[in-house]
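Trainee: Could we go through this model together, one question at a time?
Mentor: Gladly, here it is.
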Amino acid sequence: MAETASKVLAIREAMPAVTRHVYLNTGTYGPLPLVAAEVMRVILEEELADGRIVPERYPLAAETKQRARAEVARLLACSPRNIALTRHTTDGLNLAVMGINWQPGDEIVTTDMEHPGGQGPVFNVARRYGVVVRTARLGDGSGDVAGVIERLLTRRTRMIVISHLTWNTGAVLPIDEVVALAHRHGALVVVDGAQSAGSIPVDVAALGVDVYAIPGQKWLCGPEGTGAVYVSDEAMDVLNLTVVGYASLAAGGLEIAGSYLLPKPTAERFEAGGVNLPAIAGQAASLAWIRECVGYEWAYRRIAELGQYAWHSLSRLPGVTVLTPRDRMAGLVSFTVEGIDPPTLVQKLWEHNIVIRSITHPPCARLSAGFYNNEEDIDRLVQAIAEIRRDL
Ligand SMILES: Cc1ncc(COP(=O)(O)O)c(C=O)c1O
């Protein structure tokens, strides 16, 4: 107990934003650790002084990107050859959904719990290519998810697009069961890992997923404009490239005369051109810091503990209804407060120096319990909600 408290204290000292505010919004953007900000500052200063294109910077750029891919690979328990760097989760989801040569009448199964980052590419191919979208109605995500999805699969299903942890109710969905069903039907499974990466253990090979898209800026506490995507070897054979450039190509992989194009043999083929190197260095630094100084297993345990603590504390509060299914959750807790709409509640909490967010579907407020939070943060939120209700 004392050990946890001193570790949490050290972590909080390394993340200034979390002592300045009661910061409970990692599901939107996580707080940056000092080490990431420092790495970014040093690279920016070098770029300013050096002019960015001196010869040493080419290998530095390649090494920095490879370090980031390797860190993501450790997080997801896979080989770096299956990782491409992206700008955000949505990038990874788009490159997967756009990678099929869709025919009119082909089908995608998705759920009614997806974020626009997943819905956008799905409904885009529906509009462009006449793909039929079948939507699984999952309630709060605590029921028989695989059973509901199974009833929507047909001979024409080519892909399932689904979140691992739902952004609106905070439910962890049974991805392994969905993969087993999908693969029996010959369909690919594309997972939105925006809320799961860094908040629950993810082993992409054990899950059997084809594509797993993640952000850098949420539970992994990296800078904005960073993300990554896992693409399995099998999916790499199937998915076409949608955005292509020099970064996608094997050495000598483009020959104009023969209209010849050879992508890299790894998932790097999904990267196209120039990148924001300071941001990628910051992403790699945040990931390495969480792995080495926080510890992923410790972080997952702490997030789960704090999520449960928040769930119980809010449930006991008169006028509060918690929407998150308690036995299928991690660190996201969604709730409503009688007599006050979610955006107004979020604003009033900000006046108490507490940061959470509101959600539109279903209308609710949502807190994210990060590994750097403590029970006192949750107590302050609960107390502030009680005060806000009293003053209504
Ligand atoms: C489940 C889910 N998917 C996708 C996104 C979009 O994330 P990104 O900005 O990394 O594309 C979010 C972020 O809010 C999310 O919660």
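Trainee: Where is Glu56 found?
Mentor: First, the ground rules: this is a predicted model, where local features need pLDDT of at least 70, side-chain atom pairs count only at pLDDT 80 or more, and totals for chains, interfaces and linings use all residues. Residues are numbered from 1 along each chain as its sequence is written. Helices here are DSSP runs (H or I, at least four residues), numbered from the N terminus. Glu56 sits in the loop between α3 (34–50) and α4 (57–76).

Trainee: Is Glu56 buried or exposed?
Mentor: A residue is buried if 20 or more other C-beta atoms, placed from the backbone, lie within 10 Å of its own, exposed if 12 or fewer, and partly exposed in between. Glu56 has 9 C-beta neighbours inside 10 Å, so it counts as exposed.

Trainee: Which helix gives the most to the largest nonpolar core?
Mentor: Such a core is a set of buried Ala, Val, Leu, Ile, Met, Phe, Trp, Tyr and Cys residues joined through C-beta atoms within 7 Å. The largest has 109 residues, and Val190 is among those touching the most other members. With 9 residues, the top contributor is helix α11 (residues 277–294).

Trainee: Why does this core lie between domain 1 and domain 2?
Mentor: Domain bounds come from an automatic or database domain assignment. The core lies between them because residues come from both domain 1 (2–31 + 295–390) and domain 2 (41–291).

Trainee: How many residues surround the ligand?
Mentor: A residue counts if its C-beta atom, placed from the backbone, lies within 6 Å of the ligand. The closest are Thr90, Gly117, Trp167, Ala194 and Pro215, and the total is 13.

Note on methods: Helices (H or I, at least four residues) and strands (E, at least two) are DSSP runs, numbered from the N terminus.
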